[in-house]
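Reader: Could you walk me through this model while I have it open on my screen?

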Amino acid sequence: MQPASEQQPRTSEQEIAMLRRRLADAQRMTALGELMSTTTHEFNNVLMTIINYAKIGMRHKDEPTRDKAFDKILAAGNRAAKITNGILGAARNRSDDFAPTDLAKLVEDTLVLLERELSKYRISVERQLDDVPPAMVNPNQIQQVLLNLLINARQALSQGGLVIVKLVHDRPAGMISLTVRDNGKGIPQDHLPRIFDPYFTTKDGPDETGKGGTGVGLATCRDIIEMHKGKIQVASTVGKGTAFTLKLPVAGTATEQAPVTVRVGIPDRSSEVA
Ligand SMILES: Nc1ncnc2c1ncn2[C@@H]1O[C@H](COP(=O)(O)OP(=O)(O)O)[C@@H](O)[C@H]1O
Ligand SMILES: [Mg+2]
């Protein structure tokens with residue numbers, strides 16, 4: 001006779017909790033991996049610029065050439081600092097704290113990470129950023145959502161195109177609305193109800209920059225936006241393009257805006273990646 005198993009069979013709730021934890025881990029690892037590949041690429045580009053202009057400056061002793069070389073080196077150095085500040089912020093702020101956040105600045109901090117990548121794929125970015133009040137969000141997580149949406153937009157624009165990032169204050173609703181729109185290939189009607197499902201993907205696997213193809217991007221976005229008591233909406237037409245709109249709560253009244261941070265407990269996300 002087989003010895004009785006010492007393990008109790010898992011209940012379906014335990015099973016679901018375990019699967020959710022696994023999904024959250026997969027989401028976190030994918031996000032970190034994509035951020036690493038983005039910033040490593042960008043950083044390498046900056047380093048090449050610095051090295052090349054340093055060589056030019058060494059070779060050409062005349063003042064105008066050296067001045068130009070120093071200008072380029074300084075600009076590249078500043079860009080490198082911006083990039084590392086962005087990624088260090090993401091690594092440092094792994095908490096679940098919400099704080100009044102300037103979304104226009106968050107948009108810029110995110111675009112700086114993808115600037116080169118987007119221009120390499122012949123994609124231009126148009127900003128339509130209204131002056132909006134701060135939103136009550138976890139900046140790190142919203143940056144993650146933005147990265148996912150922008151990378152999806154880039155991947156939908158295989159022939160190049162336009163991405164519009166739009167920020168509007170929806171006063172009556174007390175929400176800020178943030179839209180990422182592309183004029184790419186669009187999403188077929190029958191896919192629309194499934195795109196937020198974990199692991200739903202129409203891509204063969206990660207692309208040459210190591211991004212996408214896992215189907216966890218939009219599932220992550222939806223989870224994050226739900227935790228913010230916000231909304232994520234999609235509108236798409238095949239052959240015309242796609243727009244994802246986030247609705248995020250405005251940070252309360254002037255008195256509530258004091259440096260108060262709200263900690264939200266998320267029971268099934270307890271395992272942190274160091
Ligand atoms: N901007 C977009 N344009 C066209 N299709 C999109 C866009 N964003 C998402 N999709 C579709 O939704 C699917 C799921 O997206 P996502 O969850 O980010 O996973 P992945 O990018 O790994 O495929 C994509 O495979 C694609 O079919
Ligand atoms: Mg994706």
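Reader: To begin, which order do the strands of the open sheet have, and what kind of pairing?
Author: Before the answer, note that this is a predicted model, where local features need pLDDT of at least 70, side-chain atom pairs count only at pLDDT 80 or more, and totals for chains, interfaces and linings use all residues. Residues are numbered from 1 along each chain as its sequence is written, while chains are lettered from A and ligands numbered from 1 in the order in which they are written. The open sheet has 5 strands in the order E2-E4-E5-E7-E6, with mixed pairing. Its edge strands, each pairing on one side only, are E2 (123-129) and E6 (231-237), and the twist averages 15 degrees from one strand to the next.

Reader: What do you count as a strand, and when do two of them pair?
Author: Helices (H or I, at least four residues) and strands (E, at least two) are DSSP runs, numbered from the N terminus, and two strands pair if DSSP finds at least two bridges between them.

Reader: In which sense do E2 and E4 pair?
Author: E2 and E4 (residues 161-170) pair in the parallel sense, over 7 bridges, and one pair to look at is Val125 with its bridge partner Val163 in E4.

Reader: And at the other edge, how do E6 and E7 run?
Author: E6 and E7 run antiparallel and are joined by 7 bridges, with Gln233 standing opposite Thr245 in E7. The two strands form a hairpin with 3 residues between them, and Gly239 in the turn has a positive phi of about 85 degrees.

Reader: Which helix lies across E2, E4 and E5?
Author: That is H3 (residues 103-120), which runs at about 175 degrees to E2; axes here are lines fitted to C-alpha atoms, for helices over the stretch in contact, and angles run from 0 to 180 degrees between N-to-C directions.

Reader: Switching to the ligand, how many residues surround ligand 1?
Author: There are 22 residues around ligand 1, the closest being Asn152, Ala156, Thr201, Gly217 and Leu218, where a residue is near a molecule if its C-beta atom, placed from the backbone, lies within 6 Å of it. H4 gives the most to this shell, with 4 residues, and H5 (217-227) also supplies at least two.

Reader: How many of the shell residues are nonpolar, polar and charged?
Author: The shell divides into 7 nonpolar, 12 polar and 3 charged residues, counting Ala, Val, Leu, Ile, Met, Phe, Trp, Tyr, Cys and Pro as nonpolar, Asp, Glu, Lys and Arg as charged, and the others, Gly among them, as polar.

Reader: Is H5 mostly covered or uncovered?
Author: H5 is mostly covered, since 8 of its 11 residues are buried, meaning that 20 or more other C-beta atoms lie within 10 Å of their own (exposed is 12 or fewer, partly exposed in between, with C-beta atoms placed from the backbone). Gly217 and Leu218 are among the buried residues of H5, and the buried residues pack against H1, H4, E6 and E7 (241-249), with contact taken as C-beta atoms within 7 Å.

Reader: Back to H4, why is Pro139 called buried?
Author: Pro139, which has its place in H4 (residues 139-156), is buried because 21 other C-beta atoms lie within 10 Å. The C-alpha atoms of Pro139 and Pro100 are separated by 8.8 Å, although these residues are 39 residues apart along the chain.

Technical notes
Contact = placed C-beta atoms within 7 Å.
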